Amino acid sequence: MAKDKLIIFDTTLRDGEQSPGASMTKEEKVRIARQLERMRVDVIEAGFPAASNGDFEAVKAVADVIKDSTVCGLARALERDIDRAGEALRGAVSGRIHTFIATSPIHMEKKLRMTPEQVLQQAVQAVKWARKWTDNVEFSPEDAGRSELDFLCRVLEAVIDAGATTINIPDTVGYNLPHQFGELIRQLRERVPNSDKAVFSVHCHNDLGLAVANSLSAVLNGARQVECTINGLGERAGNAALEEIVMAVRTRQDVFPCDTTIDTTQIVPASRLVASITGFAVQPNKAIVGANAFAHESGIHQDGVLKHRQTYEIMRAEDVGWTANRMVLGKHSGRNAFKTRLKELGIELPSEEALNAAFARFKELADKKHEIFDEDLHALVSDEAQLLESEIYRLVSLRVCSETGEIPHARVVLAEHGVEKAAEADGSGPVDASFKAIEAVVKSGAELLLYSVNNITSGTDAQGEVTVRLSKGGRIVNGQGADTDIVVASAKAYIHALNRLHSRLERAHPQV
Ligand code: KIV
Ligand code: ZN
């Protein structure tokens, strides 16, 4: 008998973006969306259009370019939010409005200050309003994991009657345990009289490290859509990781009555792209996409794998996209080869000038590094996109002296709105000295929350990719920089974060 389809709903661009410091530009969202489409994700939640004009434009841009996946916009159960989402999705081949309102006693009483009857009415009105825009409407009772079962059943019956076609059950605060959450889904499907008129979905947070386990338990109890994110990115401890859900279902087909249509070979490229754009590095021991996920260190394991692979491997590294770094371009590659490879990677630069500028930087990089991998191209394009973001500060030059027994010293020249300014500083190391010199020009007073370096590919000639997280006045921003010289990459990342801190983009949070 043919198996059911498990719909994969990716919310990296919405819930993932709610991680402090993970906000993405329109161009970055489009790049990730294209990779999700290549991976054959069924639904891409591109953002919360009512949050800001920037988010509206980003959802619109994703809706306008994505053809093979449904593009979804989040909206509170308010007409103005729903209208914003509807407008942003106008250009989508297939669009979905996802509207939500909290149904748990604590959220209704303390956050919404509404009675359960008012919440029920507003949920129904919202779904009816959304149906004016599209017949693909998803409804979420926020904090369902702590809601009262009878009330939840009443709300769900009413919103399905009002036209909701997907019912998403969120464990908003990551409180549920797998057996409980599975049972909740089973009960809802049994007790809501019209439950067969909607697809049941789940959306689990990872506060107790159970997001994937809870989602899988729900699937075993009839859920046929899972909401998840690449690398498990998301609010607080994150959401269920897409790669873990997809590979658990694929690997344990003996247990699951359904399967996804995801192209699993695109998982690792997607993971790398999201890590590089957000600056949220993947821990080495992370399942499926961590650098060690398929590495066998112990002699006994290595021996076993060589004799018979399945002794220690339940999945094949190549099935999730772990191929050895492929050299794609080099010093002698021309503009056409460069443009073609970018196109294959789903990267479209906004103009011929942008392409020429990126090609010039590619040539500079190829002179230093000889072999250029896909990851290098992504980093190069991210760097190029930063230059196009509203830029206040730009690195003109950096000179660093660092010698054993001497105090490291840096001299930096920055252009501030095009006007060059220089400063010098000592530091405990070359990066520290550079940051102090930059700060002497900018005087931001921002607090450095995180500094991390990753090499994009292997080898000592690899580009270093640096993430810097800054906080000021309650705002948290990430900056990234890539270069074969990690001190220069660090300075670029710091300046990128400062530019983001100074940009006035403010976004509303959907759940606050
Ligand atoms: O966690 C949550 O409840 C959400 C909803 C908006 C679905 O993100
Ligand atoms: Zn969420």
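**From the annotated domain to the ligand site**

Over residues 6-268 of this predicted model, the chain is 42% helix and 18% strand, and the C-alpha atoms at the two ends of this stretch are 20 Å apart. This stretch is taken from UniProt, where an unreviewed entry lists residues 6-268 as "domain: Pyruvate carboxyltransferase".

The same kind of record also points to individual residues, for UniProt, again in an unreviewed entry, places the feature "binding site" at Asp15, His203, His205 and Asn239. Although these residues span 225 residues in sequence, no two of their C-alpha atoms are more than 10.2 Å apart, so they gather at one spot. From this set, Asp15, His203 and His205 belong to the lining of the largest cavity. Aspartate 15 itself is found in the loop that runs between strand β2 (7-10) and helix α1 (26-38).

What takes up the space of the largest cavity? That space is taken by ligand 1, and the residues that surround ligand 1 are Arg14, Asp15, His98, Phe100, Ser140, Glu142, Asn168, Pro170, Thr172, His203, His205 and Gln511. When the residues of this shell are divided by character, 2 are nonpolar, 7 are polar and 3 are charged. Three strands, β5 (95-102), β6 (137-142) and β7 (166-171), each supply at least two residues of the shell around ligand 1.

Looking more closely at the shell, one can pick out particular polar contacts between side chains and the ligand. An N or O atom in the side chain of arginine 14 is 3.0 Å from an oxygen atom of ligand 1, and for histidine 205 the distance from a side-chain N or O atom to an oxygen atom of ligand 1 is likewise 3.0 Å. In histidine 203, a polar side-chain atom lies 3.1 Å from an oxygen atom of the ligand. How much of the area that ligand 1 exposes when taken alone does the protein bury? Taken alone, ligand 1 exposes 260 Å², and the protein buries 100% of that area.

Technical notes:
Residues numbered from 1 in each chain as written. Chains lettered and ligands numbered in written order. Predicted model: local features only at pLDDT ≥ 70, side-chain atom pairs only at ≥ 80, totals over all residues. Heavy atoms only, no water. Near = heavy atom within 4 Å. Polar contact = N/O pair within 3.5 Å; in protein donor to acceptor, adjacent residues only side chain to side chain. Areas by Shrake-Rupley, 256 points an atom, 1.4 Å probe, with all protein chains shown as cover. 1 Å grid on protein atoms, 1.4 Å probe; cavity = no way out; pocket = protein on both sides within 12 Å on 5 of 7 lines; lining within 4 Å. Sits in = over half its atoms within 2 Å of the grid points. Helix = DSSP H or I, 4+ residues; strand = E, 2+ residues; numbered from the N terminus. Nonpolar A, V, L, I, M, F, W, Y, C, P; charged D, E, K, R; others polar. UniProt positions renumbered as here; feature names shortened; annotations may be inferred.
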